[in-house]
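Ready for a few exercises at the screen? Try each task by yourself, then walk through the solution beneath it.

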Amino acid sequence: MSIELKVPVLPESVSDATIAAWHKKAGDAVKRDENLVDLETDKVVLEVPAPVDGVLKEIRHDVGDTVNSEQVIAIIEEGAAAAAPAPAAAPAAAAPAPAPAAAAPAPAASKAAAELSPAAQRVATENKVDTSAIAGTGRDGRIIKEDVVNAGSRPAAAPAAAPAAKPTPGSRPEERVPMTRMRLRIAERLMQSKNSIAMLTSFNEVNLSEVVKMRKSLGEAFQKENGIKLGFMSFFVKAAAEALKRYPYVNASVDGNDVIYHGYQDISIAVSTDKGLVTPVLRDVQDMSFADIEKGIAEYAKKARDNKLSLDDLQGGTFTITNGGTFGSLLSTPIVNPPQSAILGMHTIKERAIVENGQIIAAPMMYIAISYDHRIIDGKDAVLFLVDIKNQLENPQRMLLGL
């Protein structure tokens, strides 16, 4: 019985997808729930599993093709078994052994077929491209069509016996690589933010001495009780949730000529991946404990590394927190993620000299920033919101009491 393999139902915010990689080729046996193909959308990479055991009878769309929701991309023959290769014919006993011929030079070794997508294999064969030296950019290092095309457009490598060519003095190499769908979407969103929002950024600084003390004194007990470390991010997320209750404009969004006030705090946490920045959403943060927040962030970080984030993980969000400090950023102006109206930027912690009670002391200081949509958030509210977060972080017991 033939079974159609279809593109999953895509949400309204995702118009189509691109086939990024096939993990099987026509004629291969497949098992139920085995990942067959990766689909790249402008937000995440979706894995499409086999619905049944059988054989991948036909692939209808190749790597690089654009496909739509519920479109048929392959046919699986349910219950069938992959055809075994025919045994090699044995030589006739009476036939004399041919005289040994001079050995021809062996071609350069190529990548195993299993490491190439079907499209990459076809292009490599048609254009006689040696794939042994190609670094795959697909999932798990898989070589995709674009890798072979780019390699084929470069001059062929010199024979092994020839001396290595020296770089030409003054050479100015260039390489043209198309943007991924995710990078294109990020660019589109950034331009949308720039062109549609009256964006302004305000700054402040936070003395994190009390947070550092709390993590040091309670960190071990917290990890023993909850099975996860107590990080800095949960303090910022909790402080933001409390401040958003007091400054509802910062938690609002613009829809045409209307302002939508959200009676909950769904906070997007910016996570960096190899393909770009994604913002999975912690939902109902107002009801979450520190442990819930830390576990949620850790789960999203793992899913992001493994390309397992779903579209649902990225939908919504009423406010965003981004931490450039993980990369050493001292100060930045984060960009608002529409339709949200504000974003909080964290930065690296630096021990700096400050004056406290008339004395110069060293303290772990962080610059924080809030970028906001000035159409609905007045400067006063944005500044007071940032001061609220500063006060909570410098007196962590306040957020534990909801103050």
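**Exercise 1. Decide whether aspartate 284 is buried, partly exposed or exposed, and describe its backbone.**

Step 1. Place the residue: aspartate 284 sits in the loop between strand 15 and helix 6. Helices (H or I, at least four residues) and strands (E, at least two) are DSSP runs, numbered from the N terminus.

Step 2. Apply the cut-offs: buried means under 20% relative accessible area, exposed over 50%, and partly exposed in between (1.4 Å probe, protein chains only). Aspartate 284 is partly exposed because its relative accessibility is 35%.

Step 3. Check the backbone: aspartate 284 is not a glycine, yet its phi is positive, about 55°.

A word on the model: it is predicted, so local features need pLDDT of at least 70 and side-chain atom pairs count only at pLDDT 80 or more, while totals for chains, interfaces and linings use all residues. Residues are numbered from 1 along each chain as its sequence is written, and side-chain values use heavy atoms, with hydrogens and water left out.

**Exercise 2. Do the same for aspartate 33.**

Step 1. Look in the loop between strand 3 and strand 4, where aspartate 33 lies.

Step 2. With a relative accessible area of 57%, aspartate 33 is exposed.

Step 3. Aspartate 33, not a glycine either, has a positive phi of about 70°.

**Exercise 3. Test the length of helix 6 (residues 290-305), then find its buried residues and what covers them.**

Step 1. Work out the expected span, which is 1.5 Å times one less than the number of residues. For the 16 residues of helix 6 that gives 22 Å, and the end C-alpha atoms are 23 Å apart, so the two agree.

Step 2. List the buried residues: Phe290, Ala291, Ile293, Glu294, Gly296, Ile297, Tyr300 and Ala304. As a reminder, an α-helix has 3.6 residues a turn, so residues three or four places apart point the same way.

Step 3. Look for the cover, using contact in the sense of heavy atoms within 4.5 Å. Among the elements covering the buried residues of helix 6 are helix 4 (209-226), helix 5 (233-246) and helix 9 (397-400).

Step 4. Go just past the end of helix 6, and you meet asparagine 307 with a positive phi of about 55°.

**Exercise 4. Which way do the side chains of strand 1 (residues 2-6) point, and which strand pairs with strand 1?**

Step 1. Sort the side chains by face: they alternate, with Ile3 and Leu5 buried on one face, and Ser2, Glu4 and Lys6 on the other, not buried.

Step 2. Find the partner; two strands pair if DSSP finds at least two bridges between them. Strand 8 (residues 72-78) runs antiparallel to strand 1, with five bridges.

Step 3. Pick out one bridge: isoleucine 3 is partnered by isoleucine 76 of strand 8.

**Exercise 5. What is the strand order of the open four-stranded sheet?**

Step 1. Read the order as 5-4-2-7, with antiparallel pairing.

Step 2. Identify the edges: strand 5 (45-49) and strand 7 (66-67) each pair on one side only.

Step 3. Follow strand 4 (residues 35-40) to strand 5, an antiparallel pair joined by five bridges. Here leucine 39 has leucine 46 of strand 5 as its bridge partner.

**Exercise 6. How many salt bridges does the structure hold, and which parts do some of them link?**

Step 1. Use the criterion: a side-chain nitrogen of Lys or Arg within 4 Å of a carboxyl oxygen of Asp or Glu. The count is 15.

Step 2. Take glutamate 205 and arginine 352, whose salt bridge has an N to O distance of 3.0 Å. Glutamate 205 belongs to strand 9 (residues 199-207) and arginine 352 to strand 18 (residues 350-356), 147 residues apart. Both ends are partly exposed, glutamate 205 at 29% and arginine 352 at 23%.

Step 3. Compare aspartate 313 and lysine 303, which meet at 2.7 Å, N to O. Aspartate 313 is in helix 7 and lysine 303 in helix 6, so this pair ties together parts ten residues apart in sequence. Aspartate 313 is buried, with a relative accessible area of 11%.
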